[in-house]
Structures are given as C-alpha cells and as structure tokens.
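Please look over the sequence and the structure shown here before reading on. The briefing that follows is grouped by topic.

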Amino acid sequence: MPTIQADRSPDLKRLMDERYCLDIYGDYLVIRNVPYVDGGRKVKLGLLASDLQTSEGVTVRPDSHVAYWAGDYPCDNNGIPLKAMDAGSGEGRKVYDGMVADYTFSQKPKEGYNDYYEKMTYYVRRIENFARAIDPSVSARAPGAKGGQAESVFRYSDASLARDGISDMSGRARGMRVAIAGMGGTGSYVLDLVAKTEVREIHLFDGDAFLQHNAFRSPGAPAPSDFADRPKTEWFAGIYSRMREGVIPHAENVGEGNIGVLKGMDFVFVCVDGGKSRGLIAEYLTREGIPFADTGMGLRAADGKITGQARVTAHDPESGKDVLQLMPRGGAEDSVYSTNIQIAEINALSAALAVIRWKKSWGFYRDTGREHNTVYAIETNEVINGA
Amino acid sequence: MEKDNGEKPHLVSIVINGKPMKYDGEYISYEFIVETAFPDKRDENDMFTVSYRGGPVEKPDTLVRGQKTKAHDGMVILADYTGRS
C-alpha cells in the first residue's frame, strides 16, 4: 500500500498519466511490466525499482542513479547484454517485501536526473526499445495512455502498410520523440520524411522567419500570399499537422542557453548552419547518450559549374565511437571556406541519407554496412562510406 | 627523398578541387590536401571533408585529420567544408 500520495508529485503523476505500471512500497518506486529481451532473444517482462526520496510526502530530486532489476539480464535485440549500465549483480538483494533484485544498474546522463520521471523513463526506454524492435506491440505503458502508442498519430491511414506487409517494421517507430535542430533546407526535407513515420513527436527548432528564398529549398510550393512574418517552425508545423499530430514547433535556435530542450529525445537530426552550434549540440548529445545524425554540405563554383560534397555523420551511443572529429565545429565564418550556396536536391539527398541512417538505427532497414560517416561527391556521383 | 640507386623521385600528377598539380612524395596527407585547398584556413579545430578516387584501392575513400594515403598518378581529390544545412 503506498505510503505517499503519488498525485502530489508531478514526476510520479506524469508516470501514472502516461500509464506506466507504477507502485510505491515504503521507500521504493517500482515500475512493473517493463518489456525486455533476454539472452535467447525472447521478449519478457521485468521489474525496475529505485529508492524514492521524499520530503513531506512529495518527491525530491533523486540523489542516486542506481536502479534495481528483477528479471534476466536485459539484452539488445540480438541477445547481447546491455553491459553499459551494469553495476554488478544485486543478486539476492532484498529491495522490499516481494522484490529481490537480480541486478543493479547504474547509468545516467551527464547532468543526472532532475526527477523520478526522467530517471525511470531513462532506464525503461533503454531496455524496452530493444523489445519493441522485436515486437512493436509491447510497451511498458498500458494501452489507452494519453498520446499513447495504441492510437495512430495520423489523421488518415496508410493502407499500403498492411498491403505491403511492412506495418510491423514501421510500427517500431511508435512512441519515439525526435527533434530536428535547424529547419533550413536539409531540416525541412528531414521533416517531410520523418512526418510520414509513426513517431509520436517531432520537435522543430529554428529561430528564423520563413522567407521567400526559403521556399526554393524546402518541400512544397508556398503561394505568394503565404509569406507573412512568421517563424519557419510555425510554417512547417502548420503544413504537416494537416496529416498528423505531434509536430511541435519551437521558434528558437538550439544554443548554449537552451541546450536542455534536447534532453529526453530518442534521436536528433542536427541540421544547423555553421560549426559552433553544431559542435555544442553534438557534444551535448554525446554526453547525454542520445543518438543523432549530423548533416552538412559544402558547395563551390568551379569553371562556371557547381560542385562539392554533402556529408551525413551518425552517432550511435552503443558503439562508443567518437564521431565528433568528423564534423566541422569551428567558429570561423563558413563563407571563408565555401559559399553559402545550398541547392534543394542536395539538401533533399542529405536529408534522405540521414533518415535512412536513422531508420537503420531502430531496425526498419537491415544494416550490414554499419557506416558512421557518408560523403556524397557531386561531380563523381559517389556515395562514400567511411569510419 | 634521397635515392642511392639512381631512381627518379616519386612524382605523380594529381588533382585537388579541380586544380592539376605535380606531387612529390610517397604518401599524401589530409593536412597537405587541406593546406592546398584552403590556404587561408583559420581555425585549427575545423574539420574538412576530404575524399579521393584513383588512390590505392578501386573504390573512393575519405581522409580525416592525421590520416594519409599512398599518392597515385591521376588521383582526383576533393576537399570541402561541409557545414551548411
């Protein structure tokens, strides 16, 4: 029987509203029915628990990032144990009456957990994503959750999914929260593609207004009357919201003062112009263990024709590979090195490559190449995979 | 490089960003390519995207800072600052 009223703490209330199977036993917070993959690639349910610190019946900021697990050791969708969070066997450790831990976990993003919602969902997501890669119907959240995975995000359905037999694969994206930092040429094409997937939320970040010249480097065809003084994010959210929900505009650039807006994202498309913000964002996401794909192009004129290269660099936290050194992050003016030229089809190609890379990361496409860096050379029409 | 058997120095014809040049050396490095393509380079932290074809292996490949590859006659090298989005 709970000894504190969960309703009074916003983090516990949010866990309940989102229909996690939450219980409180004495000083412990428990989430039941967490889907996970065992060493034999079977999907099972486990139990995650944490110390719960309160003051006068309300939660305070967790001071420990340790969690307890009852179940077999959780693995990725290939049956490989998720060792990065292992804190050693908690075997036989009694957590509370009715729970004896098999394992303890210890992992946290750099700035720690602000509350118990962040702490518990951090572990749950890491564990259940691999179960959902095998069986997209499983979830730690009970059906009927607000904005829940049982309901479609689309306002009309894609009949081809069932007909072509790919609804299982596409369903793996359900529940995901992705962000697009930068809604310029490449970012807008990324949105055009990601909007058609079943992700729950797409957060758009860009501080600029949508102007006439932007129309020549983004999908669609605005009318002359469409150019009011309005933020790009609002313009694009308006278009794609006709088709689906969960397109959320933020009329601000991601920078030092607000970098925390990316916390809790499942994936980020870094589509910013220029090196300084790219470096800031990439370093933050690497510290937070959030996977991302960074895009960039460098075009120049040579003998009266356009040439150059486009690049997609992807960071996979599980691989532990440092890709920061592959990206331009300097503070110098970009126009020193290349022009400001951007061309729609090169933006679109970069976006498509980034989206394909993202879809490989959650198991939609088969990935045997496992490349972290891709370069498209315009004049030779080569797609070069490296690192 | 000094050769004591009367061999000619290893001189090859390469192209960097469309400019043909003669290159003297067994290996060509990312640093040399970037210095040549961007002589006004300012920031030591900037990373460039360097790709080449006609090098040691059939398929095209890339170089990052600190890397080098064997210089081959006829190799075509591209260097760009891929920072725009």
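In this predicted model, buried residues account for 52% of the 387 residues in chain A. Of the contacts in chain A that have a separation of 6 or more, 63% join residues that are 24 or more positions apart.

**Fold and dimensions of chain A**
- The secondary structure of chain A consists of 8 helices and 16 strands.
- The radius of gyration of chain A is 22 Å, which agrees with the value near 21 Å that a compact globule of 387 residues would have.
- Taken along its principal axes, the C-alpha trace of chain A extends over about 75 × 45 × 45 Å.

**Surface and charge of chain A**
- About 17000 Å² of chain A is exposed, and 48% of this area comes from carbon and sulfur atoms.
- Chain A carries 46 positive and 52 negative charges, and the mean positions of these two sets lie 2 Å apart.

**Contact between chain A and chain B**
- The size of an interface is often given as the accessible area lost when the parts come together.
- Between chain B and chain A the buried area is about 2800 Å², with carbon and sulfur atoms giving 52% of it.
- Within the area that chain B buries against chain A, Tyr81(B), Arg84(B) and Ser85(B) supply 33%, which is more than any other three residues.
- In terms of residues, the contact draws on 41 residues from chain A and 24 residues from chain B.

Note on methods: Residues numbered from 1 in each chain as written. Chains lettered and ligands numbered in written order. Predicted model: local features only at pLDDT ≥ 70, side-chain atom pairs only at ≥ 80, totals over all residues. Heavy atoms only, no water. Helix = DSSP H or I, 4+ residues; strand = E, 2+ residues; numbered from the N terminus. Rg over C-alpha atoms; globule rule 2.2 N^0.38 Å. Buried < 20%, exposed > 50% of the residue type's maximum accessible area, 1.4 Å probe, protein only. Contact = heavy atoms within 4.5 Å. Areas by Shrake-Rupley, 256 points an atom, 1.4 Å probe, with all protein chains shown as cover. Lys, Arg positive; Asp, Glu negative; His and termini not counted. Charge placed at Lys NZ, Arg CZ, Asp CG, Glu CD. Buried area = accessible area lost by both parts, 1.4 Å probe.
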